[in-house]
Amino acid sequence: MKNVYRVLGILSIILLMSCNREPSLQKYFVDHQGDNDFIAVDVPSSLLSTETIQLDKEEKEALESVKKINFLALPLKQSNQDRFEKESTTIKNILDSDTYETLVRFGSNGIKGVLKYEGEEDDIDEIIIFATDQKKGLALIRVLGDNMRPEKMAMLMKSVEKGKINLDAFKSIADSIDFD
C-alpha cells in the first residue's frame, strides 16, 4: 500500500511540474471576453466567404487559410488609465515569450504596435497584432488559421488595398466601437 501512495505522489508531482503556469494569449482572451471594460469580437471565417469575391487561386488559398479572427480592445478613459498600463504590460509579457516571433514593430503619433506570429515561417498558425494608443487605448487581434504563409498573407493584404475584398463587415464592427 505504501508503494501505491509513493507512486501516486510521484505522479502527482510530475503532473504538477509539467503544467504550464505561464499566461497564454488564449487564456488572456478568454479571461477578458466577459469583462465590461473590454470590447471583444470574434469573427468567424464564414464572414470571409471566397464565393462572393473575385480572387485568383493563390488569393483564395490565402483567404481560406484564415479560420477565425479574435479582436479585443480596451478603450482608454480617465477612469482606467492604471488598468490600461497594467493590461498593456501583461500583454507585452505574454507576447515576449519564446512562443511568438516578431515580424515587425511599428509606431507613430503616439501609436505603438507589433506584429508577431506563432508557428513556422512557412506554416503560420497564428498572427498577432498588438497596438496601443496613449489617447484611445489598446487593441489585440489574433488571426487564427491553418498553413498561413507570410507571402500569401502579404498578397491578401494587397488584395484588400486594391478593394478586391470587401471589409464592410469589419467596418461595421469598427464603427460600433466608440473609443471616446
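Two strands count as paired if DSSP finds at least two bridges between them. Keep that in mind for the exercises below, which all use a predicted model.

**Exercise 1. Get your bearings: how many helices and strands does the chain have, and in what order do the elements run from the N terminus?**

Step 1. Start with the count: the chain has six helices and six strands.

Step 2. Now walk along from the N terminus, and the elements read α-α-β-α-β-α-β-β-β-β-α-α.

Step 3. Add the overall numbers. Of the 180 residues in the chain, 34% are buried. The accessible surface is about 11,900 Å², with 52% of that belonging to carbon and sulfur atoms. Among contacts with a separation of 6 or more, 58% are between residues 24 or more positions apart.

**Exercise 2. Work out the sheet: in what order do the strands lie, and which strands stand at the edges?**

Step 1. Lay the strands side by side. Six of them form an open sheet in the order E1-E2-E6-E5-E4-E3, with antiparallel pairing.

Step 2. Look at the ends of that order. Strand E1 (39–44) and strand E3 (101–108) are the edge strands, and each has a single partner strand, so one side of each has no neighbour in the sheet.

Step 3. Check how the strands are turned. Ignoring direction, neighbouring strands of this sheet are turned by 10° against each other on average.

**Exercise 3. Trace the hairpins: how many residues lie between E4 and E5, and how many between E5 and E6?**

Step 1. Begin with E3 and E4, which pair antiparallel over seven bridges. Glu 101 has Tyr 117 in E4 as its bridge partner. This hairpin has two residues between the strands, and Asn 109 takes a positive phi near 50° there.

Step 2. Move on to strand E4 (residues 111–120) and E5, an antiparallel pair with ten bridges. They make a hairpin with two residues between them. You can follow the register residue by residue: Lys 112 has Thr 132 of E5 as its bridge partner, Gly 113 stands opposite Ala 131 in E5, and Tyr 117 stands opposite Ile 127 in E5.

Step 3. Finish with E5 and strand E6 (residues 137–148), which run antiparallel and are joined by nine bridges. Here the hairpin has three residues between the strands. For a landmark, take Glu 126, whose bridge partner in E6 is Leu 144.

**Exercise 4. Is strand E5 mostly covered or mostly open, and which helices touch it?**

Step 1. Count the buried residues, using under 20% relative accessible area as the cut-off. In strand E5 (residues 123–133), eight of the eleven residues are buried, so the strand is mostly covered.

Step 2. See what H2 does. This helix packs on the sheet and touches E1, E2, E5 and E6, and its direction makes about 130° with that of E6.

Step 3. Then add H4, which lies across E2, E4, E5 and E6 and runs at about 155° to E5. Both helices, then, touch or lie across E5.

**Exercise 5. Describe how H2 and H4 pack: at what angle, and through which residues?**

Step 1. Pick the two descriptors. Packed helices are described by the angle between their axes and the distance between the axes.

Step 2. Fill them in. Helix H2 (residues 25–33) and helix H4 (residues 81–95) pack at about 150°, and their axes are 10 Å apart. Angles over 145 degrees count as roughly antiparallel, so H2 is roughly antiparallel to H4.

Step 3. List the contact residues. H2 brings Leu 25, Tyr 28 and His 32, while H4 brings Arg 83, Glu 87, Thr 90, Ile 91, Ile 94 and Leu 95.

Step 4. Sort them by type: five are nonpolar, two polar and two charged.

**Exercise 6. Which of these is buried and which is partly exposed: Asn 80 or Lys 92?**

Step 1. Place Asn 80: this residue is in the loop between strand E2 (66–75) and H4. With a relative accessible area of 8%, Asn 80 is buried. Leaving aside neighbours within four places in sequence, Asn 80 contacts Leu 74 and Pro 75.

Step 2. Now Lys 92, in helix H4. At a relative accessible area of 43%, Lys 92 is partly exposed. Lys 92 and Val 114 are 22 residues apart in sequence, and their C-alpha atoms are 9.6 Å apart in space.

Notes: Residues are numbered from 1 along each chain as its sequence is written. This is a predicted model: local features need pLDDT of at least 70, side-chain atom pairs count only at pLDDT 80 or more; totals for chains, interfaces and linings use all residues. Side-chain values use heavy atoms; hydrogens and water are left out. Axes are lines fitted to C-alpha atoms, for helices over the stretch in contact, and angles run from 0 to 180 degrees between N-to-C directions. Helices (H or I, at least four residues) and strands (E, at least two) are DSSP runs, numbered from the N terminus. Angles under 35 degrees count as roughly parallel, over 145 as roughly antiparallel, 65 to 115 as roughly perpendicular and the rest as oblique. Contact means heavy atoms within 4.5 Å. Ala, Val, Leu, Ile, Met, Phe, Trp, Tyr, Cys and Pro count as nonpolar, Asp, Glu, Lys and Arg as charged, and the others, Gly among them, as polar. Buried means under 20% relative accessible area, exposed over 50%, partly exposed in between (1.4 Å probe, protein chains only). Accessible areas come from the Shrake-Rupley method with a 1.4 Å probe; for residues, only the protein chains shown count as cover.
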